[in-house]
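Visitor: I am new to this structure, and I would like to take a close look at a single part of it before I try to take in the rest. Could you guide me through one place slowly and then show me what surrounds it in the wider fold?

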Amino acid sequence: MTEMSMKPNANRTASIALAALLYLILGAAGLSMAVAPGYASPVFPAAGLAVAAMLWSRGVAWPGIFLGSFCLNLGLAWVNANLNMASALVALGISIGSTAQAAFAWWLVRRFLADAWQTCERELHVFKMLALAGPLACVVSATVGVSVLVMGGVIPASASLDAWWSWWSGDTLGVLVMLPLGLALFLAKDPAWRSRRLKVALPMVMTLGLVAISYLAVSRWEQQRIQDAVRDIGQNFSQALQARFTAHQESLSALKRLITVTPRLSYDDFAYFTDITLRDNPDIFALSVNPYVLGPQRAAFEADFAKRLGEPGFMIRERIEGKLVRSGNHPVFVPVGFIAPLQGNRPALGFDIFSESRRRAAIERAIATRAPAVTPPIQLVQEQRKRVGVLVMHPVFQGALNAQNNSPVTALAVGVIKADEMIEIVAKQLQQRQVEVRIYDRDAPKDTPELFSTVRQSDAARSSIRFRSEIAIADRFWALEVVPTPDFLSQQTRWVGYAVGVAGLTLATLMQILLLGITGRTAAVERQVREQTAELNAAGKVLGERNAQLDTIFTLSPDGLVTFDEQDRVEFANPAALKILGWTLDEVQKMDRDAFEAQLREQCLDSAAWVGLDAPQVQQTEPDQAQEFKQRIRFKGGDRRVIELKVRAAEGASLSRILYLRDVTYEAEVDRLKSEFLAHAAHELRTPLTSIHGFGELLLHTELDAQTQRELLETIHRHSSNLIKIVNELLDLARIEEGGAQKMHFEPQNLVTLARQVCRDIKWDSQRWPVQLGKQFESLPIHADAGRIRQALLNILGNAQKYSPQGGAIEVNFVANETHCGVQIRDHGLGLTPGQLERIGQRFWRADTSGNTPGTGLGVGIVKEILTLHGGRLQIDSEHGQGSVFTLWLPRLATAA
């Protein structure tokens, strides 16, 4: 199998699209098994598919691999809500590395395995292919990919070694597992891989399914263990945060009781009371007493607190367009009265927190519920830097501590807590650097800032391990989200899942190598068997065709063949042999040699001439020439057939001898006729030549009178004319036999007209031999050579005249039927005996052997030849002493109706 036969049926575009789609699907499946904070899958089957696609397409599929990898990594950034130009550049770099790795693996496999990868018929070939495309080639993508992640700031340089190892091992396992399966998928139509779909692919899919199930089960167990650890951290954090807030609540409750007991509390007493709390709790930004002032009480309140604070310009203010200005007239004011520490918070004195909607909502809830209330996260006005805080408000009611529910509110004890700093303190106390924390007000408006967050949005979206809970902060609920840091996850022991996955995939790879080797060897054996079977079938077909040809030749052969087996029994006899011998197949089948010879001897005219099948062989002319002998025998019967037999010793182990029979009756008759022809020709030529030679010699050596000389010359002339006639007739016969119908000029003719013309041209005595021409027909159309038909008619008419020495009428009539027409010539001469009728037409044979009737004995033979070439025949009817009737039959030419 050559690589040219491995060319994919799909065009270039289809190959690229298929590679991109499959890479994207398998890549997504591989990345779904990645455990945070890893950036590589423990097994990445798309890497193996990429190599298989490159091998299958002869490198055409590389744009599809690049496109699939780029879309995969770009989609990963989009899922993690981190799609930007930087992530696109990272995806581009990773795609280049993946494509380069597949191309490098393709080059390595082709360089060191040539075409052996196409069949993988030996375990060594499979091992070398996986080793080259896996551990060796997978260095490329891991190196390029991790370098891109480090340069893009996705991972720190300190984590590059672990990331490289995870990347390389994932790609390597993906190649080891998926490359053979990919080849089985792409080369499904190839005979070397067609049978492997069930023998290799199905067991491997089942095995990989079990490995995947085991890996996922262990991974889930390990992930749950990590989740539990993160949950414990989150719960501890939640409890610690709630405990610290509760402590702050206690401080505000103490302040509330102080205000209730001492309504006219001085600022110094207030500062002294809050000093320890503020010193021990740096996350409490400020503690304040905010009197609840109705509109008519505003002037008296401002004058009273100006004295108590020693601030002559004290007034109730509100924030308008970012500036603190004197507050307008309102029904209710909740200004900042006392605040500690005063340093840094002096601008807040007199600020009406009731003028701000979120603070006003918390105040109204506190008064309505007569319980502490907390504002949503706010930007603290006292801070020069951005600081997120909350105000915790405890309502103070008029009267004793056991005031009734309808007691009017007089003030609010307010604590300004720096929420982010409070959370940082809790985190430091717990020393939790292993997690990232995010806290936000659950019910706050959307534009409200988060209370605290160290979680990057991309990390939060990527990590599936997290802890969520809610913390009750007075009358509000804070949502807590804890996400493990990459360092924390990397420190967790996940070797069990990796060990199960790696061990399972290693076993699956070894099983795959074994199965590929076994099926490859089986396929090689099957291919050899198929090739040998094809060769045998081809040889069998050739042998069958040859046997069929031989059977046809033996069946159609005019010569007979009889074979004898090793036990000298008749094995085979062709139809020609049965016809020559006059036997049936049942009679001759399995006849032994003695019985065969006995019947053959019985048919011989001279049984003594039969020498048998064991006659001495002829002398061999060559050392390896087969021994044979032959003889001619004449069979009994009226036809006296002459048969030539050859016996040949067989060269095969299953045959003893072969008998060849040939009917040579015609050749024997030809030899006889040739001898007779030569004898007749010599006789006919010798008589005139002797006369010419004798009379010529007499004229040369003897003085004769003029009358005698004339008589001798006339004799010489007459004999030379006969000699010329013999030669001409011989030449005519030779021309007719040599040229046949090809040298004749056939045209439509009227047989009646031709016969009448011949009769008119006769030069004999019409009184002694009158010609009586019949008038039955006026026209008998034929397709003939006019000259040859005239020659045939003249020959028959001449014979009628010659063999009627006493004279007599010669009758010429016409006959016809549906297909033939003819000229019938009747004489009343000597006639022919039955024996003469059998021989008439033989060359140089004449009915009158006395010499009284001139002639060569060739005329009737020439007539027969002419009629045969015209598709006709000569019919002779004769009775000795009564004359003869010669009928020349010719095919009748059809005429238009």
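Guide: Contact here means heavy atoms within 4.5 Å. With that in mind, and remembering that this is a predicted model, let us begin at Ser 87, which touches Ala 77 and Asn 82 once residues up to four places away in sequence are left out of the count. Ser 87 has its place in helix α4, a helix that covers residues 85-113. Buried means under 20% relative accessible area, and because the relative accessible area of Ser 87 is 10%, this residue is buried. The side chain of Ser 87 also has a polar atom that lies 2.7 Å from the backbone nitrogen of Asn 84.

From this one residue we can step back to the protein as a whole, which has 25 helices and 26 strands. The protein has 897 residues, and 46% of them count as buried, as Ser 87 does. If we take the contacts between residues at least 6 apart in sequence, 66% of them join residues at least 24 apart.

Two pairs of helices show how such elements meet. In one pair, helix α1 (residues 12-31) and helix α2 (residues 45-57) have axes that come within 8 Å and cross at roughly 165 degrees, so α1 is roughly antiparallel to α2. The crossing of these two helices is right-handed. On the α1 side the contact is made by Ser 15, Leu 18, Ala 19, Leu 22, Tyr 23, Leu 26, Gly 27 and Gly 30, while α2 brings Pro 45, Ala 46, Leu 49, Ala 50, Ala 53 and Trp 56. Sorted by class, the contact of α1 with α2 has 11 nonpolar residues, 3 polar ones and no charged ones.

In the other pair, the axes of helix α5 (residues 123-136) and helix α7 (residues 160-186) come within 8 Å and cross at roughly 145 degrees, and α5 passes α7 in a right-handed crossing. Here Met 129, Leu 130, Ala 133, Gly 134 and Pro 135 of α5 meet residues of α7 that include Trp 168, Thr 172, Val 175 and Leu 176, with Leu 179, Pro 180 and Leu 183 further along that helix. By class, the contact of α5 with α7 has 10 nonpolar and 2 polar residues, and no charged residues.

Conventions:
Residues numbered from 1 in each chain as written. Predicted model: local features only at pLDDT ≥ 70, side-chain atom pairs only at ≥ 80, totals over all residues. Heavy atoms only, no water. Helix = DSSP H or I, 4+ residues; strand = E, 2+ residues; numbered from the N terminus. Buried < 20%, exposed > 50% of the residue type's maximum accessible area, 1.4 Å probe, protein only. Polar contact = N/O pair within 3.5 Å; in protein donor to acceptor, adjacent residues only side chain to side chain. Axes fitted to C-alpha atoms, helices over the stretch in contact; angles between N-to-C directions. Parallel < 35°, antiparallel > 145°, perpendicular 65-115°, else oblique. Left-handed = near helix turned anticlockwise from the far one by under 90°. Nonpolar A, V, L, I, M, F, W, Y, C, P; charged D, E, K, R; others polar.
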